[in-house]
Amino acid sequence: MSNNRPWVPYLLVAPSVIFLAALFLVPLAQTLWLAMSADGVPSLSNFSTMAGDLNFSASLRNTFLLSLAVVPVQVALALAMGSMVGKVNSGRETILWIWTIPLGISDLAAGLVWLSILQNSGYLNSVLFSLGAINKQANWLSYQTPLTLFFAIAVAEIWRGTAIVMMIIVAGLNQVPKEFREAAEIFGAGRWTRFFRITLPLIKPALQSALILRTVLAFEVFAVVYSLGGNNLRVLVGEAYTWQNQNQNYGVAAAFAVLIMVISLTATLAYLKIIKVDPERLP
């Protein structure tokens with residue numbers, strides 16, 4: 001039937017193409033033009049202003065450091081959690097449901113949850129004070145304690161975002177044939193050998209997808225940082241927010257958005273290059 005009507009497949013995909021063009025490609029083109037123009041003419045002045053911003057280098061450094069601190073830990077935790085849940089026979093769905101609760105919490109709400117724990121009068125100080133571990137309230141989220149602030153934000157991001165990585169990893173682990181692991185066990189392969197030689201290579205598609213998704217989201221971190229530290233820890237999206245809402249300079253804000261997009265695309269291409277996936281293993 002499709003041979004007689006070759007236009008049918010195009011008709012079926014047309015709504016999604018139109019939707020993406022209207023809500024993605026058009027805003028993308030507008031953002032690129034806004035970043036690369038000034039007074040209606042092509043210009044790189046917005047990028048020059050962005051690079052000359054006093055907080056630019058700090059925001060770029062902090063964004064990369066947060067990504068480097070958060071993403072590897074999340075992937076390691078997701079692999080461990082996925083491997084553990086794979087060995088559970090009963091109650092598996094309940095465990096997965098509990099572990100994925102953070103997925104139902106918005107970024108801002110997650111930040112506020114951790115703020116209630118780590119602020120001066122928060123639960124952590126209350127517990128430590130009642131145990132006699134501290135004599136007075138400790139200030140964990142101040143500009144005077146940048147290391148504890150960075151660590152707090154990293155922990156909050158790890159808690160909030162590990163679930164999505166775990167779900168992707170679990171989906172990949174479910175695709176690994178049990179016969180492979182059983183055969184390796186029969187031939188005397190140890191647990192770590194089976195993991196690195198069989199499981200890990202077979203879940204490369206899932207691992208690649210999880211790394212790309214989580215790294216892109218890590219470069220876009222903002223709500224958790226803003227709720228816990230305000231402007232005490234500068235990140236790229238935070239600077240874009242400042243230039244748009246406080247400075248009312250939409251061109252420089254768009255320049256920050258373009259920079260984040262370029263970094264995300266570069267990281268994506270790097271993952272595609274480093275983690276090579278056999279096309280036959282793709283879903």
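The lining of the largest cavity divides into five nonpolar, three polar and two charged residues. In this sorting, Ala, Val, Leu, Ile, Met, Phe, Trp, Tyr, Cys and Pro count as nonpolar, Asp, Glu, Lys and Arg as charged, and the others, Gly among them, as polar. You're looking at a predicted model, where local features need pLDDT of at least 70 and side-chain atom pairs count only at pLDDT 80 or more, while totals for chains, interfaces and linings use all residues. Residues are numbered from 1 along each chain as its sequence is written, and side-chain values use heavy atoms, with hydrogens and water left out.

Back to that cavity. If you want to find its walls, look for F222, V225, Y226, G230, N231, L233, R234, V235, G238 and E239. Helices α11 (223-229) and α12 (236-246) each give at least two residues to this lining. Helices here are DSSP runs of H or I with at least four residues, strands are runs of E with at least two, and both are numbered from the N terminus. The space inside the largest cavity comes to about 50 Å³.

What counts as a cavity, then? On a 1 Å grid over the protein atoms alone, it's a set of points where a 1.4 Å probe fits but cannot get out; a pocket is an open set with protein on both sides within 12 Å along at least five of seven lines, and lining residues have an atom within 4 Å of a point. Grid points are joined across faces, edges and corners, and a volume is the space filled by probe spheres set on the points. By this rule there are two cavities of 30 Å³ or more.

The second largest cavity holds about 30 Å³. Around it sit L66, S67, V70, E157, A218 and V221, and helix α3 (residues 56-86) provides the largest share of that lining, three residues. Sorted by class, the lining has four nonpolar, one polar and one charged residues.

Keep an eye on E157, one of the residues lining that second cavity, as we turn to charged pairs. E157 is buried at 4% relative accessible area, where buried means under 20%, exposed over 50% and partly exposed in between (1.4 Å probe, protein chains only). E157 makes a salt bridge with R160, with the closest N and O atoms 3.0 Å apart; the term covers a side-chain nitrogen of Lys or Arg within 4 Å of a carboxyl oxygen of Asp or Glu. Both residues lie in helix α7, three residues apart, about one turn of the helix.

E157 also pairs with R214, at 2.8 Å from N to O. This contact links distant parts of the chain, since R214 is in helix α10 (residues 204-219) and E157 in helix α7, 57 residues apart. R214 is buried too, at 2%.

R160, buried at 13%, has another partner: D107, in a salt bridge of 2.7 Å from N to O. D107 lies in helix α5 (residues 107-118) and R160 in helix α7 (residues 146-173), so the pair ties together parts that are 53 residues apart in sequence. D107 itself is partly exposed, at 35%. Through shared partners, D107, E157, R160 and R214 form one network. The whole structure has four salt bridges.

Finally, the largest pocket has a volume of about 860 Å³. Its lining takes in 24 residues, with S83, G86, K87, R181 and T199 nearest the centre. Helix α3 supplies the largest share, seven residues.
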